Amino acid sequence: MRIHLSSVFVDDQDKALRFYTDVLGFVKKTEVPIGKDRWLTVVSPENPEGTELLLEPDGHPAVKPYRTALVKDGIPAASFAVDDVQAEFDRLRGLGVHFTQEPQEMGPVTTAVLDDTCGNLIQIVHSG
């Protein structure tokens, strides 16, 4: 068994697609219209057949209070592996990305947390 799909709730699929592709560097995998929304996924260009991230519309009434509570408490909605947290932090900050946590070493991992502009905090992490 392996993880095939994970999701983050987003407040605007077009804005999310731009951020996750143009800024974070993922590539669009699937886009299928479903009513006024889309089944919209991105993948890592390093593993295009790997785990997909669904950019899921936040229309369900439970989503906004849940997501607001996570952000208020500083809890990331997802965690993405990178080879070098400091280098990725510098690259993303140069693109105007807002970080809520600068790179921190915590034992065997280094993490940083960014705002995805779509209502979520996202952690980048390197373990090594």
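**Notebook: two sheets, one helix, salt bridges**

**Entry 1. Threonine 30 and its strand.** I began at threonine 30, which stands opposite threonine 41 of S3. I note that the model is predicted, with local features requiring pLDDT of at least 70 and side-chain atom pairs counted only at pLDDT 80 or more, whereas totals for chains, interfaces and linings use all residues. Residues are numbered from 1 along each chain as its sequence is written, and side-chain values use heavy atoms, with hydrogens and water left out. Strands (E, at least two residues) and helices (H or I, at least four) are taken as DSSP runs numbered from the N terminus, and two strands pair if DSSP finds at least two bridges between them.

I then looked up the pairing of S2 with S3, and found 7 bridges in the antiparallel sense. The two strands form a hairpin with 2 residues between them. In that turn, glycine 35 has a positive phi of about 65°.

**Entry 2. The sheet around S3.** In what order do the 4 strands of this open sheet stand? I read the order as S1-S4-S3-S2, with mixed pairing. Strand S1 (5–10) and strand S2 (27–34) are the edge strands with a single partner each, so one side of each has no neighbour in the sheet. From one strand to the next, the twist averages 25°. Angles run from 0 to 180 degrees between N-to-C directions, the axes being lines fitted to C-alpha atoms, for helices over the stretch in contact.

Helix H1 (residues 13–23) packs on this sheet and touches S1, S2, S3 and S4; contact means heavy atoms within 4.5 Å. The direction of H1 makes about 5° with that of S3. Strand S3 (residues 37–43) also pairs with strand S4 (residues 52–57), antiparallel over 2 bridges. On that side, threonine 41 has leucine 54 of S4 as its bridge partner.

**Entry 3. Burial and the nonpolar patch.** I classified residues by relative accessible area: buried is under 20%, exposed over 50%, and partly exposed in between (1.4 Å probe, protein chains only). S3 is mostly covered, 5 of its 7 residues being buried. Tryptophan 39 lies in S3 and counts as partly exposed because its relative accessibility is 33%.

Trp39 joins Leu5, Val32 and Ile34 in a nonpolar surface patch of about 330 Å² accessible area together. Such a patch takes residues with over 30% relative accessible area and no salt bridge; nonpolar side chains (Val, Leu, Ile, Met, Phe, Trp, Tyr) are joined within 5 Å, and like charges within 9 Å. The areas come from the Shrake-Rupley method with a 1.4 Å probe.

**Entry 4. Tyrosine 20.** Is tyrosine 20 buried or exposed? I found tyrosine 20 buried, at 0% relative accessibility. This residue of helix H1 touches, among others, Val8, Val42, Leu53, Phe80 and Ile122, not counting residues up to four places away in sequence.

**Entry 5. The sheet with S5 to S8.** I looked up the open sheet of 4 strands ordered S5-S8-S7-S6, again mixed in pairing. Its edges are S5 and strand S6 (99–106), each with a single partner strand, so one side of each lacks a neighbour in the sheet. Neighbouring strands here are turned by 20° against each other on average, direction ignored.

S5 and strand S8 (residues 121–127) run parallel and are joined by 4 bridges. In S8, isoleucine 122 is the bridge partner of alanine 78, and valine 125 stands opposite alanine 81. Side chains alternate along strand S5 (residues 78–81): Ala78 and Phe80 point to one face and are buried, whereas Ser79 and Ala81 point to the other and are not.

Leucine 114 of strand S7 (residues 109–115) is buried at 0% relative accessibility. I compared its position with the starting residue: leucine 114 and threonine 30 are 84 residues apart in sequence and 25 Å apart, C-alpha to C-alpha.

**Entry 6. Salt bridges.** I list 9 salt bridges in the structure, each a side-chain nitrogen of Lys or Arg within 4 Å of a carboxyl oxygen of Asp or Glu. Glutamate 49 meets lysine 29 at 3.2 Å between the closest N and O atoms. Glutamate 49 sits in the loop between S3 and S4 and lysine 29 in strand S2, so the pair ties together parts 20 residues apart in sequence. Glutamate 49 is exposed at 66%, while lysine 29 is partly exposed at 33%.

Glutamate 102 and arginine 93 form a salt bridge at 3.5 Å, N to O. Salt bridges with shared partners join Asp14, Lys28, Glu31 and Arg38 into one network.
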